[in-house]
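Me: Please walk me through this model, starting with one loop and ending at the ligand.

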Amino acid sequence: PLNTSIIHSLLLLQPHPPPKPASSVAASTMCGILAVLGCADWSQAKRARVLSCSRRLKHRGPDWSGLFQCEGNFLAQQRLSVVSPLSGDQPLYNEDRTVVVVANGEIYNHKKIRKQFAAKHTFTTGSDCEVIIPLYEEYGENFVNMLDGVFSFVLYDTRNKTYMAARDAVGVNPLYFGRGSDGSVWIASEMKALHEDCPKFELFPPGNLYSSAAGGFRRWYNPQWFAEHVPATAYQPLVLREAFEKAVIKRLMTDVPFGVLLSGGLDSSLVASVTKRHLIETEAAKKFGTELHSFVVGLERAHLI
Ligand SMILES: NC(=O)C[C@H](N)C(=O)O
């Protein structure tokens, strides 16, 4: 797989106010989610507690805070708007609001999936993450491998009171899983949102999904090469180059200004050079122009930068 830190060199700039020269920077593919499921207590005090835990993720999503509650089940999101800033606030719902999703993710093939469901599903937002809903309605819990992207999300189905959560193939987007002392399940982008309320918590394993109906985790990402002790295909530099370029290009999907963070090393320089070369072909260029903003972090008296 590609080194995910390479891809992280692409940064999203603060989306509001819109396109002006970049002055501030937020890390890539942010947003913070917190889901608390199956609480025995759903008093005002519990709701307030969930909200205050969710607020600890505010640094991940400065643009919006949202909360869904159905009895003892809570889904909260702090949003960093990337795709469809004006309509994509979360939680996201299906047409009759019986299925609810909070997500931290970028779904690169969302337009393709939208087309596939255009006749069957009424999309209410422009969010790339909304495609999770029709996929779930069509395929139940067996759709995660149809998402091309980086993500962590929690979906709650009010009709049968079940939920599922999933994390992308290699764990680009963070996710933690814990249990409260009342048996509730806590799932959050960062530990700080759940550690005080969960005597036990762990990393949500990358490439896995958790299903409340099945009562556990299962791997959804099972590429053939997992089983290979020695790679079956020989190293092909051109194939690698093409895959790398494609990986960078699809990450230019954004409705907000963006830039590249240069570490000073080879990886981020490669990301910057591919971005610069292909920027002109992208939707982003139509909105923000073809000038590429770049950033470096330097320390006083450190002479590298
Ligand atoms: N940024 C995110 O993680 C969610 C979604 N892609 C949005 O733009 O709102």
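Me: Where is Pro-91 found?
Reply: Strands are DSSP runs of E, at least two residues, and helices are runs of H or I, at least four, numbered from the N terminus. On that basis Pro-91 falls in the loop between β5 (73-79) and β6 (92-93). The peptide bond from Gln-90 to Pro-91 is cis. Most peptide bonds are trans. Here omega is near 5°.

Me: What is phi of Ser-84?
Reply: This is a predicted model: local features need pLDDT of at least 70, side-chain atom pairs count only at pLDDT 80 or more, and totals for chains, interfaces and linings use all residues. Residues are numbered from 1 along each chain as its sequence is written, and side-chain values use heavy atoms, without hydrogens and water. Ser-84 is also in the loop between β5 and β6. Its phi is positive in a residue other than glycine, near 50°.

Me: Which strand gives the largest share of the shell around the ligand?
Reply: A residue is near the ligand if one of its heavy atoms lies within 4 Å of it. There are 13 residues around the ligand, and Arg-79, Val-82, Val-83, Gly-105 and Asp-128 come nearest. The largest share, 3 residues, comes from residues 99-107, strand β7.

Me: Which atom of the ligand lies 2.9 Å from a polar side-chain atom of Asp-128?
Reply: A polar contact is a pair of N or O atoms within 3.5 Å. A backbone N or O atom of Val-83 lies 2.8 Å from a ligand oxygen. A backbone N or O atom of Gly-105 is 2.7 Å from a ligand nitrogen. For Asp-128, the partner is a nitrogen atom.

Me: How much of the ligand's exposed area does the protein bury?
Reply: Accessible areas come from the Shrake-Rupley method with a 1.4 Å probe. Taken alone, the ligand exposes 260 Å². The protein buries 100% of that.

Terms used. A polar contact is a pair of N or O atoms within 3.5 Å; within protein, one must be able to donate a hydrogen and the other to accept it, and residues adjacent in sequence count only if both atoms are side-chain atoms.
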